[in-house]
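Thank you all for making time for this; I would like to walk you through one structure, a few places at a time. Please keep the sequence and the view in front of you as we go.

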Amino acid sequence: MLSGMRHARQAIARGDVIVMPTDTVYGVAADAFDAAAVQKLLEAKGRSRQQPPPVLVGSVDALHALVESMPPEVERLVERFWPGGLTIVLPAQPSLTWDLGETAGTVAVRQPDNPIALELLAETGPLAVSSANLTGKAAAVDVETARRMLGSTIAVYLDDGPVSTGVASTIIDATSLAGGRGEPAVRILRDGAVSREELREELGDLLDIDDEEPRR
């Protein structure tokens, strides 16, 4: 694994795309601040710029550096559910020079609960990471499944065995808590590893569950 980690770091530095383990599913990863690498990631998955990838971080400090502000409600969510299966959408820090696609000025951020992922993130900095699969296919829960789908578009495959859950992260939109338009509310964009009940415990009536059924 030490050799694999070195090759993964080198590939990220070159602007290549890798497959890495997380606590939810395997992910396709690229340097979040390398626009060409992010485009390679999207092309490997068969996605457009209208489907920008989330960003994985190795620490809460890294989250603070990526977002414009941290509402106290988000601080509570991070304290309870990070590292873990909760992806949070917030307004991005305007000074960042990156291009993740058509984000409308937001970024979706998560800290994974996987030691290999956290070690890699500590050395590379934030990574744009999307589930390891072709668009429309199920996310890979082991390296061989990812390899069969993605093949030679990936420079390095980091193998940590089957993932522990195989359940994708829950994605929530908390942009309105950071001074967005309209009444403050948190919307669930995708059901996943963190349940609605768990979110309700932290957010109370701020959790908007009256919208349409979230995508899965």
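**A walk through selected places**

Let me begin with Asp16, which counts as buried because its relative accessibility is 18%, and the cut-off for that word is under 20%. Before going further I should say that this is a predicted model, so please hear everything that follows in that light.

Where does Asp16 sit along the chain? Asp16 is found in the loop that joins helix H1, residues 2–14, to strand E1, residues 18–20. Its side chain makes a polar contact with the side chain of Arg14, at 3.0 Å, and another with the side chain of Lys40, at 3.2 Å. If we set aside the neighbours within four places in sequence, the residues in contact with Asp16 are Ala11, Ala29, Ala30, Lys40 and Ala155.

Let us turn next to helix H2, which covers residues 35–45 and whose buried residues are Ala37, Val38, Leu41, Leu42, Ala44 and Lys45. Looking down the axis of H2, we see these buried residues fall within an arc of 160°, and therefore they line one face of the helix. On the face turned away from that buried side, H2 carries the exposed residues Ala36 and Glu43. What lies over the buried residues of H2 includes strand E2 (27–31), strand E6 (127–131) and helix H6 (143–150).

The two ends of H2 also deserve a look. At the N-terminal end, Asp34 acts as a cap, with a side-chain oxygen 3.1 Å from the backbone nitrogen of Ala36. After H2 comes Gly46, which has a positive phi, near 75°.

Continuing along the chain, we reach Ser48, in the loop between H2 and strand E3 (55–56). Is Ser48 buried, exposed or partly exposed? With a relative accessible area of 32%, Ser48 is partly exposed. Its C-alpha atom is separated by 8.1 Å from that of Gly101, although the two residues are 53 residues apart along the chain.

Finally, I would like to show you a pair of helices, H4 (residues 72–81) and H7 (residues 196–203), whose axes come within 10 Å and cross at roughly 130°. The two helices, H4 and H7, are therefore oblique to each other, and H4 passes H7 in a right-handed crossing. On the H4 side the contact is made by Glu73, Arg76, Leu77, Arg80 and Phe81, while H7 contributes Glu198, Leu199, Glu201, Glu202 and Leu203.

Notes. Residues are numbered from 1 along each chain as its sequence is written. This is a predicted model: local features need pLDDT of at least 70, side-chain atom pairs count only at pLDDT 80 or more; totals for chains, interfaces and linings use all residues. Side-chain values use heavy atoms; hydrogens and water are left out. Buried means under 20% relative accessible area, exposed over 50%, partly exposed in between (1.4 Å probe, protein chains only). Helices (H or I, at least four residues) and strands (E, at least two) are DSSP runs, numbered from the N terminus. The arc is that of the directions from the helix axis to the C-beta atoms. Contact means heavy atoms within 4.5 Å. A polar contact is a pair of N or O atoms within 3.5 Å; within protein, one must be able to donate a hydrogen and the other to accept it, and residues adjacent in sequence count only if both atoms are side-chain atoms. Axes are lines fitted to C-alpha atoms, for helices over the stretch in contact, and angles run from 0 to 180 degrees between N-to-C directions. Angles under 35 degrees count as roughly parallel, over 145 as roughly antiparallel, 65 to 115 as roughly perpendicular and the rest as oblique. A crossing is left-handed if the near helix is turned anticlockwise from the far one by less than a right angle, and right-handed if clockwise.
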